[in-house]
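Open the model in your viewer and keep the selection panel handy. We will go from stop to stop, and at each one you will hear what to select and what to look for there.

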Amino acid sequence: MLLLLLSASAAFADEVPRYNIEATCRAAPALAGGAGNVDRDCLRDEAQALTQVEQQWAGFDAHRRDTCAQETRIGGPPSYVALLTCLQM
């Protein structure tokens with residue numbers, strides 16, 4: 001059973017996390033005192049960051065991928081921009 005859980009965790013770490021970028025962008029203006037509308041620039045930035053993460057994901061160390069994916073979930077909706085920044089640091 002433990003071996004099955006370990007292999008499932010390893011397989012999950014190989015996949016790019018899936019975030020709801022609309023929820024992320026909807027929360028961003030609220031944090032800035034806006035009306036909660038989805039910002040088109042935010043959606044664009046998140047989509048571009050996702051593309052970069054997908055292209056570069058396999059090149060990052062598995063431990064770094066896991067750590068950054070966990071960190072992006074702290075304090076609100078996760079962000080591909082934050083994930084990419086963490087991975088590149």
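Is Thr24 buried or exposed, and what is its relative accessibility? Select this residue to begin, and bear in mind that you are looking at a predicted model. Thr24 has a relative accessibility of 9%. Buried means under 20% relative accessible area, so Thr24 counts as buried.

**Stop 1: around Thr24**

Colour residues 21-31, which make up helix 2; Thr24 is part of that helix. Now show its neighbours. Leaving aside residues up to four places away in sequence, Thr24 touches Glu46, Pro77, Pro78 and Ser79. Keep Ser79 and Glu46 on display, as both come up again.

**Stop 2: the whole chain**

Zoom out and switch to a cartoon view. You should find five helices and zero strands, giving the pattern α-α-α-α-α along the sequence. The chain has 89 residues, and 28% of them are buried. If you draw contacts between residues at least 6 apart in sequence, 65% of these join residues at least 24 apart.

**Stop 3: the disulfide of Cys25 and Cys42**

Show the cysteine side chains as sticks. How many disulfides does the count come to? There are two, and with bonded cysteines counted along the chain they follow the pattern 1-2, 3-4.

Select Cys25 and Cys42 for one of them: their sulfur atoms are 2.1 Å apart. Cys25 belongs to helix 2 and Cys42 to helix 3 (residues 40-56), so this pair ties together parts that are 17 residues apart in sequence. Look along the S-S bond and you will see a left-handed link, with -85° about that bond. Both ends are buried: Cys25 has a relative accessible area of 0%, and Cys42 has one of 15%.

**Stop 4: the disulfide of Cys68 and Cys86**

Next, select Cys68 and Cys86, which are joined by a disulfide with an S to S distance of 2.0 Å. This pair links distant parts of the chain, since Cys68 sits in helix 4 and Cys86 in helix 5, 18 residues apart. The torsion about the S-S bond is about -75°, so this disulfide is left-handed. Cys68 is buried at 1% relative accessibility, and Cys86 is buried at 12%.

**Stop 5: helix 4 against helix 5**

Hide everything except helix 4 (residues 62-71) and helix 5 (residues 80-88). Their axes come within 9 Å and cross at roughly 145°, and the crossing is right-handed. Where do the two helices meet? On the helix 4 side, pick Arg64, Arg65, Cys68, Ala69 and Glu71; on the helix 5 side, pick Leu83, Cys86 and Leu87.

Stay with helix 4 and colour its buried residues: Arg65, Cys68 and Ala69. Around the axis they cover an arc of only 100°, which puts them on the same side of helix 4. At the N-terminal end, select Asp61, which caps this helix: one of its side-chain oxygens lies 3.0 Å from the backbone nitrogen of His63.

Do the same for helix 5, where Tyr80, Leu83, Leu84, Cys86 and Leu87 are buried. Turn the view to look down the axis, and these residues fall within an arc of 160°, so they line one face of the helix. The N-terminal cap here is Ser79, with a side-chain oxygen 3.1 Å from the backbone nitrogen of Val81. This is the Ser79 that you met as a contact of Thr24.

**Stop 6: Tyr80**

Finish with Tyr80, in helix 5. What is its relative accessibility? The value is 1%, so Tyr80 counts as buried.

Show what surrounds Tyr80. Not counting residues up to four places away in sequence, Tyr80 touches Val16, Pro17, Arg18, Tyr19, Ile21, Glu46, Ala49, Leu50 and Val53. Glu46 was also on the list for Thr24. Then draw a distance from the side chain of Tyr80 to the backbone nitrogen of Tyr19, and you should get 2.8 Å.

For a last distance, pick the C-alpha atoms of Tyr80 and Thr24: they are 9.3 Å apart in space, while the two residues are 56 residues apart in sequence. That brings you back to Thr24 in helix 2, where the tour began.

How values were computed: Residues are numbered from 1 along each chain as its sequence is written. This is a predicted model: local features need pLDDT of at least 70, side-chain atom pairs count only at pLDDT 80 or more; totals for chains, interfaces and linings use all residues. Side-chain values use heavy atoms; hydrogens and water are left out. Helices (H or I, at least four residues) and strands (E, at least two) are DSSP runs, numbered from the N terminus. Buried means under 20% relative accessible area, exposed over 50%, partly exposed in between (1.4 Å probe, protein chains only). Contact means heavy atoms within 4.5 Å. The arc is that of the directions from the helix axis to the C-beta atoms. A polar contact is a pair of N or O atoms within 3.5 Å; within protein, one must be able to donate a hydrogen and the other to accept it, and residues adjacent in sequence count only if both atoms are side-chain atoms. A disulfide is a pair of cysteine sulfur atoms within 2.5 Å. Axes are lines fitted to C-alpha atoms, for helices over the stretch in contact, and angles run from 0 to 180 degrees between N-to-C directions. A crossing is left-handed if the near helix is turned anticlockwise from the far one by less than a right angle, and right-handed if clockwise.
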